[in-house]
Amino acid sequence: MFETLSDRLTTVFTSLRGKGRLSEEDINTTAREIRLALLEADVALPVVRDFIAHVKERARGAEVSKALNPAQQFIKIVNEELVQILGGESRELSFSKTPPTVIMLAGLQGSGKTTLAGKLGKWLASERDTPLLVAADLQRPNAVTQLQVVGERAEIPVFAPEPGNGVGDPVEVARESVEQARRNNHNVVIIDTAGRLGVDEEMMQQAADIRDAVQPDEILFVVDAMIGQDAVNTAQSFLDGVGYDAVALTKLDGDARGGAALSIRHITGKPIMFASTGEKLEDFDAFHPDRMASRILDMGDMLTLIEQAQRTFEESEVEKMASTLASDDDFTLDDFLEQMSMIRKLGPINSLLGMMPGMGQMRDQISNVDDADLDRITAVIRSMTPAERRNPKIINGSRRLRIANGSGTQVSDVNGLVTRFFEAQKMMRQMKNGGMPGMPGMPGSGSGAGGGKKKAKAQQKKAKKGKQRSGNPLKAKQEEAEKEAQRQQRREEGGDQQSQLPPGLGGGSQLPPGMGSGPQPDLSDFKLPKK
Ligand SMILES: Nc1nc2c(ncn2[C@@H]2O[C@H](COP(=O)(O)OP(=O)(O)OP(=O)(O)O)[C@@H](O)[C@H]2O)c(=O)[nH]1
């Protein structure tokens with residue numbers, strides 16, 4: 001279910017990755033793409049219009065969080081609007097103060113009412129209720145037997161007219177069933193009513209008569225999600241003809257588009273209370289707008305991760321980190337430590353990884369880092385003096401031995417860390433030249449990489465221009481400038497790769513640079529301690 005919509009939306013958001021901030025054009029283009037995706041998913045036009053208007057307004061309203069990048073912000077807004085359109089809060093069954101609680105099912109023939117009666121009965125029984133199913137569909141010859149079969153499978157008793165009593169009166173059956181429930185201590189009665197192939201006055205009248213006779217606590221309109229736009233029209237007709245309190249959507253498993261689910265609440269104003277997703281009795285659950293929205297966005301726990309990042313990192317903290325990284329001062333081991341503790345605040349590394357869909361190659365790289373590694377690195381840095389943290393070049397052999405002893409690690413651990421730190425520092429210097437890709441809240445974040453590319457292109461252009469003009473004497477210099485520009489571009493491309501990290505880890509830059517992977521620098525700066 002929702003596969004088409006999910007795929008489309010995922011593609012839409014991918015194009016926002018690596019952007020520094022949302023321009024008016026980004027908002028318009030993304031909104032246009034989302035609009036198409038919704039229309040393709042068969043969502044009703046008025047719903048699409050409202051949805052897009054809200055999303056655009058909020059995206060423009062710059063409720064910008066420093067902890068989220070533009071793609072994440074857009075996903076967050078779309079997610080919240082989806083939850084809204086699906087009904088906001090989950091709506092629970094309301095039970096009568098004086099049992100039995102009467103639930104009446106109404107809907108077209110084949111919408112799945114009989115199956116749903118069994119599913120709902122079983123679901124309620126699992127919550128310690130004692131439901132009674134009622135066969136008030138006396139229209140279709142086989143309907144009573146069908147409910148009895150379903151009841152048997154669900155192990156829920158069924159109230160049906162005695163065989164041989166003629167066709168019977170569904171209103172009378174419904175009335176009697178409530179008495180029966182009272183006598184036998186059933187706290188819930190679920191009445192299955194007759195459906196027709198199309199909306200029809202006689203069917204509506206019968207349903208209205210049953211309603212008037214038993215005064216249900218809840219009337220559920222059962223609708224087949226696979227009928228697409230028709231579901232919305234039928235829902236409106238039943239609302240006018242019988243009225244209902246909530247909707248039960250069936251056959252969601254068969255609808256790749258999901259338009260009905262997204263339109264019905266908005267059009268009818270009635271909440272979706274249950275969702276049926278298969279022929280088996282277990283394929284049924286209460287409907288939760290927030291979970292459904294996450295599913296549509298195919299974000300799973302990414303939303304949790306995004307929220308966690310937002311909750312965990314104070315804006316001031318992110319800003320501080322951003323300004324440290326943007327300053328001309330060199331990246332120090334203290335900054336390194338601070339970045340690492342920011343990651344640790346989000347939770348165990350492995351569970352963070354688990355929250356990220358499609359980690360692909362980055363998963364391999366980061367999975368080399370586990371919490372014990374982070375703890376070891378932290379211990380090593382904490383055993384250094386402030387001067388050593390500021391300037392690790394002074395860490396000679398005896399200092400390394402002292403640090404290893406102080407942190408309960410091996411000299412090789414200290415060597416490894418310092419080595420990787422220098423590589424990270426080099427990387428940071430390069431990034432600062434061109435901007436920092438992907439760091440949430442970084443001035444010029446994401447666009448930094450682009451800015452760097454621009455710079456590199458400008459340098460290339462300059463070099464070329466120089467060549468044309470001078471004819472040659474400065475050839476060597478120009479060649480060097482050209483080479484430098486190419487190197488810069490390569491570096492930027494390397495930076496861009498980082499921003500391929502899925503949203504939620506801020507394009508990867510929340511990971512302490514140099515951790516885990518990357519080329520190892522040469523060790524010539526260091527002498528191994530004498531044993
Ligand atoms: N795939 C799928 N099939 C379903 C679902 N719910 C019901 N069905 C099937 O849809 C068909 C019709 O379901 P019924 O429960 O008989 O529908 P009804 O509304 O009671 O029909 P009438 O009694 O004729 O009014 C049956 O074959 C069910 O197995 C669902 O969620 N997914």
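In this predicted model, Pro100 is located in the loop that connects helix 4 (70-85) with strand 1, and the peptide bond leading from Pro99 to Pro100 adopts the cis form, with omega near 5 degrees. A further backbone feature is found at Asp42, a residue other than glycine whose phi is nevertheless positive, at a value near 75 degrees. Asp42 belongs to the loop between helix 2 (24-40) and helix 3 (45-60).

Strand 1, which covers residues 101-106, is part of an open sheet of 8 strands arranged in the order 3-2-4-1-5-6-7-8, and the pairing within this sheet is mixed. The edges of the sheet are occupied by strand 3 (158-159) and strand 8 (284-286), and each of these has a single partner strand, so that one side of each remains without a neighbour in the sheet. Strand 1 pairs with strand 4 (residues 188-193) in the parallel sense, and 5 bridges join the two strands. One of the residue pairs involved is formed by Val102 and its bridge partner in strand 4, Val189.

Two helices that lie across strands of this sheet may be described in turn. Helix 7, formed by residues 170-183, lies across strand 1, strand 2 (131-136), strand 3 and strand 4, and runs at about 165 degrees to strand 2. Helix 8, formed by residues 201-214, lies across strand 1, strand 2, strand 4 and strand 5 (218-224), and its direction makes an angle of about 175 degrees with strand 1.

The model also contains a ligand, which is surrounded by 19 residues, the closest being Lys113, Thr114, Thr115, Gln146 and Ser276. With 4 residues, helix 5 (residues 113-126) makes the greatest contribution to the shell around the ligand. By residue class, this shell consists of 11 polar residues, 7 charged residues and 1 nonpolar residue.

Several polar atoms of the protein can be placed with respect to atoms of the ligand. A polar backbone atom of Lys113 lies 2.7 Å from an oxygen atom of the ligand, while a backbone N or O atom of Ser111 is 3.1 Å from a ligand oxygen atom. On the side-chain level, an N or O atom of Asp253 is positioned 2.8 Å from a nitrogen atom of the ligand. Of the 650 Å² of accessible area that the ligand has on its own, 82% is covered by the protein.

Key
Residues are numbered from 1 along each chain as its sequence is written. This is a predicted model: local features need pLDDT of at least 70, side-chain atom pairs count only at pLDDT 80 or more; totals for chains, interfaces and linings use all residues. Side-chain values use heavy atoms; hydrogens and water are left out. A residue is near a molecule or strand if one of its heavy atoms lies within 4 Å of it. A polar contact is a pair of N or O atoms within 3.5 Å; within protein, one must be able to donate a hydrogen and the other to accept it, and residues adjacent in sequence count only if both atoms are side-chain atoms. Accessible areas come from the Shrake-Rupley method with a 1.4 Å probe; for residues, only the protein chains shown count as cover. Ala, Val, Leu, Ile, Met, Phe, Trp, Tyr, Cys and Pro count as nonpolar, Asp, Glu, Lys and Arg as charged, and the others, Gly among them, as polar. Two strands pair if DSSP finds at least two bridges between them. Contact means heavy atoms within 4.5 Å. Axes are lines fitted to C-alpha atoms, for helices over the stretch in contact, and angles run from 0 to 180 degrees between N-to-C directions.
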